[in-house]
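The exercises below are meant to be worked through with the sequence and the model side by side. Each one sets a task and is followed by a solution in steps.

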Amino acid sequence: MRALPYENYIFDLYGTLVDIHTDEDKPEAWAALARFYSYYGAVYTPDELQAAYNRLTQERTANCRGLRRDSHEAFPEIEIEELFLALFTEKGANVSKDLAVHVGQFFRAMTTEYLRLYDGTLEMLRMLRERGAKLYLLSNAQAIFTAYEMRALGLDKVFDAVYLSSSCGCKKPDLRFFELPLKEHHLDPARSIMTGNDAACDIAGAKAAGLATLYVRSNISPKEPLPDADFVMPAMDMARMGALLSGEAQP
């Protein structure tokens, strides 16, 4: 068996390894969330709660850098549990941060239509691992959601290190975010490859950091031209992805 062409394999999560669809405008979700807040003395109508949530996110992300925001990213540049805590505070309710975390997770569960691995994801990652690869995750995501979703999907023990933007204070395509695993694990960019489904955040950002790149157009990729990546997959095909990453297939 030939040696792997890279030592370090860095992956995006949502739209690359995990298929997800969320809908944060579901009226029934806001009704249930407003009811939950009322249990602790923070009385909102559903519309009032949604408006306060939108206002707080706009205030807290006004000075944050980023090219786009997708619903499944859930404002990745902030720690969203602080926002759910502020919604209690604005109504004079004194609750713990732990409760705010649980409220955020409750809301995430209510607004997630589906959450699943793309077919063959675990098999592809295990193949790379068995052949000696180091695996890293670099995702624009909320830790209070993603850490638990990874556990539910069997991804929690797959990676050598996980970097989530809400915990790091920056997000792709910010060069600082890409440099975190490179510096902390002394990775050689010339021996590392980034795989993602977003041309601007994943591919352009990784190229700026000196990484090789594999782009896959998945069902939740932004509608944009195919990027100038080292490898381009016009549709999700995990077997093909594994073959390209392992050097068993030609671009």
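**Exercise 1. Starting from Leu-155, describe the nonpolar core.**

Solution. The model is a predicted one, and the first step is to list what surrounds a single residue. Leaving aside residues up to four places away in sequence, Leu-155 touches Leu-13, Val-18, Leu-117, Leu-122, Leu-125 and Met-150. Apart from the core treated below lies another one, of 31 residues, which includes Leu-33, Leu-83, Val-103 and Ile-144.

The second step is to place Leu-155 in its wider setting: the largest nonpolar core has 36 residues, and Leu-155 is listed with Tyr-9, Phe-11 and Phe-159 as those with the most contacts inside it. Two or more residues of this core come from each of β1 (8-11), β2 (18-22), α5 (121-130), β4 (134-139), α6 (143-153), β7 (212-216), β8 (231-233) and α10 (238-246). Among the contributors, α10 gives the largest share, five residues.

**Exercise 2. Work out the strand order of the sheet, and explain what is particular about its edges.**

Solution. Begin with the order, which is β5-β4-β1-β6-β7-β8, six strands forming an open sheet with parallel pairing. Next consider the ends: β5 (161-164) and β8 each have a single partner strand, so one side of each is left without a neighbour in the sheet. Neighbouring strands are turned against each other by 15° on average, when direction is ignored.

One pair can then be followed in detail, since β4 and β5 are joined in the parallel sense over four bridges, and Ser-139 stands opposite Leu-164 in β5. Finally, add the helices that lie across the strands: α8 (residues 175-184) covers β4, β5 and β6 (192-196) and runs at about 155° to β5, while α9 (residues 199-208) lies across β6 and β7, at about 165° to β7.

**Exercise 3. Determine how α3 and α4 are arranged, and what surrounds α3.**

Solution. The axes of α3 (residues 80-89) and α4 (residues 97-111) are 8 Å apart and meet at an angle of about 105°. Angles of 65 to 115 degrees count as roughly perpendicular, and the two helices are therefore roughly perpendicular to each other. From α3, Glu-81, Glu-82, Phe-84, Leu-85 and Phe-88 meet Lys-97, Leu-99, Ala-100, Val-101, Val-103, Gly-104 and Phe-107 of α4. Sorted by class, this contact has eight nonpolar, one polar and three charged residues.

The surroundings of α3 follow from its burial, as eight of its ten residues are buried, including Glu-81 as well as Ile-80, Leu-83 and Leu-87. The cover over these buried residues includes α1 (27-39), α2 (46-61), α4 and α6.

**Exercise 4. Is Ala-209 buried or exposed, and which residues does Ala-209 touch?**

Solution. First locate the residue: Ala-209 lies in the loop between α9 and β7. Its relative accessible area is 14%; because the cut-off for buried is under 20%, Ala-209 is buried. Not counting residues up to four places away in sequence, Ala-209 touches Leu-175, Phe-178, Leu-182 and Pro-189.

**Exercise 5. Describe the pairing and the burial of β2.**

Solution. β2 runs antiparallel to β3 (residues 112-117), and five bridges join them. Within this pairing, the bridge partner of Val-18 in β3 is Leu-117. As for burial, four of the five residues of β2 are buried, and the strand is mostly covered.

Conventions:
Residues numbered from 1 in each chain as written. Predicted model: local features only at pLDDT ≥ 70, side-chain atom pairs only at ≥ 80, totals over all residues. Heavy atoms only, no water. Core = buried A, V, L, I, M, F, W, Y, C linked by side-chain atoms within 4.5 Å. Buried < 20%, exposed > 50% of the residue type's maximum accessible area, 1.4 Å probe, protein only. Contact = heavy atoms within 4.5 Å. Axes fitted to C-alpha atoms, helices over the stretch in contact; angles between N-to-C directions. Parallel < 35°, antiparallel > 145°, perpendicular 65-115°, else oblique. Nonpolar A, V, L, I, M, F, W, Y, C, P; charged D, E, K, R; others polar. Pairing = 2+ DSSP bridges.
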